[in-house]
Amino acid sequence: MSAITVEGVRPKKKTSPRKRAQRIRFVQYGVLALVVLLAVLFVDGRQVSSAFFRLDLIEKTLTQGLPLAFLNTLAMTGGAFVVGLVLGTVLALMRLSQVAPYRWLSMIYIEFFRGLPALIVLMGFSLVSLAFPGLRIPLDPYGTVWLGLGLVSSAYIAETIRAGIQAVPKGQVEAARSLGMPSGMATRRIVLPQAFRIVTPPLTNELVALTKDSSLVYVIGLTATSFDLTKYGRAMSNTYSNMTPLVIAGATYLLITLPLTFLVRRMEARGARAK
Amino acid sequence: MKRLLALTAAASALALTLTGCANYSSSTTAASSVAGSSAPAPTLVAAGKLTVCTNLSYKPFEYKDDSGKVVGFDVDLMDLAAKKLGVTQDIVDIEFQQITSGAAFAAKKCDAGAAAITINADRQKATAFSDPYFSATQALLVPASSGVTDLSALKGKVVGVQTDTTGQTYAQNNSTQYGYTVKVFDDFPSSANAVLAGTIDAAINDNGVVYNFSKDNPKTVVGTEFKTNESYGFSMATDNTALQSVVNGVLASAKSDGTYNTIYKKWFGVDAPK
């Protein structure tokens, strides 16, 4: 068959894929340059520095109690993570149990706490004495935070660990059982250690999320010595009617979260290599 | 390539935010030039609407009624200002601190703040205020069974306050003298319910809301009141003198023609103090 050419319509000139890629790249650089230019043109530099980076307030924020607030955030996050990890493991095992009611209970729990905002759970725990007069959660406010945030994160952690357990090759259990290990021992000695290795990166991500969620504790009511980073920054921002302390508090979270996310990336890279 | 694309997207998002801020600041200057002219007509953040920032829930100043509408003493007074401007009032619920720090106005989230804001020196540095429209005192909420009638009975106890309020300042200024610990809550209901739950021993807040809570919850009573000579004012951006004079004019005429007293009686059940 010969090609039919309609008069007046020239066949489209073909650009080489390389040319096209180059052109797209130019457009992208152009957009970037334009955006940066607009930002530089319109930003009110003096207002930015006086509203967000006032030097005297940076110093005050750093010296007046940031270390304590930092420790409080670490303590609240750490405790909640331990609660979440222990409870999450139990829930994951229940979720995979042979006993059906365990599976149901675990599923109901997970769906309930995954579906609720952490803020509301925290408020609920702070007012638990309304329902049970005389009941006090010990180590106020840390106990309340550990329970509230721990319960919420355990729901997420349970799902992560369940996926990890299911990712352990079936042959491992079979081999362990054929060596005469009872099933409980096989779970503890063979399955769980391997599962935890698999889920370490996602669990670290959960820890990062929990670190940020710890900023919600302001809803339960805090004394000055138990202020977390966000509350500390907010209170100070209000005292001086300036946003600088909040910016510093926010930056301090990065001190916790950036090393963690870096660690996750390292672990994932190593995991990918191992495959 | 993919990474570059992500980078570009991130950078453009950042820059868009920045330019967004920049646009706001330029319209601020526009507003101030209008305010400087002889016929002041306040520039509103949203055309045809007086956008008012408040912090819910603070009964009876601003709260949601049974139908979900925001009502209250502040709302009625700001309605008068909106009427004067020939627009309708639009209410935005926002963090209290954003109103008192002026951030809400700088970000053009609203024209005015009406949130039972006590006028004080710090806040006057950050925002402009209307003339006072309400006199408040601080009140101490305690469990009815405790029999506490003054702060000296609270040695070694925990007193709840609402964050960023004058009640918090009052409680903190007196905490060393009376030996109690201050616990900061995010809103009034949290601190009041903590008293009810028995997790704290007392709460300090403005008399209006405290009396309202103790009326609804007979297990709590108002132990005492502290005269702190506080006045509430409506706030706006420091350079928004046009709106400030409109609100002041409305307040003055409402006080002289009896509208203010009608509104006062509607929300507090008594005549406005002379």
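The following paragraphs lead through a predicted model, beginning with the fold of chain A and ending with its contact with chain B.

Chain A contains twelve helices and one strand. Read from the N terminus, its elements follow the order α-α-α-α-α-α-α-α-α-α-β-α-α. The radius of gyration of chain A is 27 Å, well over the 19 Å that the globule rule gives for 275 residues, so chain A is more spread out than a compact globule. The C-alpha trace of chain A spans about 90 × 65 × 35 Å along its principal axes. Of the 275 residues in chain A, 31% are buried. Among the contacts in chain A with a separation of 6 or more, 74% are between residues 24 or more positions apart.

Helix H6 of chain A, residues 118-126, shows how buried positions are arranged within one element. Its buried residues are Ala118(A), Leu122(A), Phe125(A) and Ser126(A). These residues lie on the same side of H6(A) because they cover an arc of only 100° around the axis. A general property of the α-helix is relevant here: with 3.6 residues a turn, residues three or four places apart point the same way. The buried residues of H6(A) pack against three helices of chain A, namely H7 (128-131), H8 (142-167) and H10 (183-213).

Helix H4 of chain A, residues 66-95, contains Val82(A). Is Val82(A) buried or exposed? Val82(A) counts as exposed, because it has 12 C-beta neighbours inside 10 Å, and a residue is exposed if that number is 12 or fewer. Val82(A) is separated from Thr200(A) by 118 residues in sequence, and the two are 14 Å apart in space, C-alpha to C-alpha.

The contact between the chains draws on 26 residues from chain A and 34 residues from chain B. Which elements of chain B give two or more residues to the side that touches chain A? They are helix H1 (2-36), helix H5 (121-126), strand S9 (181-185) and helix H7 (188-197) of chain B. H1(B) gives the most to this side, with eleven residues. By class, the side of chain B that touches chain A comprises 13 nonpolar, 16 polar and five charged residues.

Strand pairing also links the two chains. Strand S1 of chain A, residues 222-223, pairs with S9(B) in the antiparallel sense over two bridges. Within this pairing, Leu222(A) stands opposite Val184(B) in S9(B). S9(B) is thus one of the elements on the side of chain B that touches chain A, and it is also the partner of S1(A).

Note on methods. Residues are numbered from 1 along each chain as its sequence is written. Chains are lettered from A and ligands numbered from 1 in the order in which they are written. This is a predicted model: local features need pLDDT of at least 70, side-chain atom pairs count only at pLDDT 80 or more; totals for chains, interfaces and linings use all residues. Two residues are in contact if their C-beta atoms, placed from the backbone, lie within 7 Å. Helices (H or I, at least four residues) and strands (E, at least two) are DSSP runs, numbered from the N terminus. Ala, Val, Leu, Ile, Met, Phe, Trp, Tyr, Cys and Pro count as nonpolar, Asp, Glu, Lys and Arg as charged, and the others, Gly among them, as polar. Two strands pair if DSSP finds at least two bridges between them. A residue is buried if 20 or more other C-beta atoms lie within 10 Å of its own, exposed if 12 or fewer, and partly exposed in between; C-beta atoms are placed from the backbone. The arc is that of the directions from the helix axis to the C-beta atoms. The radius of gyration is taken over C-alpha atoms; the globule rule is 2.2 Å times the number of residues to the power 0.38.
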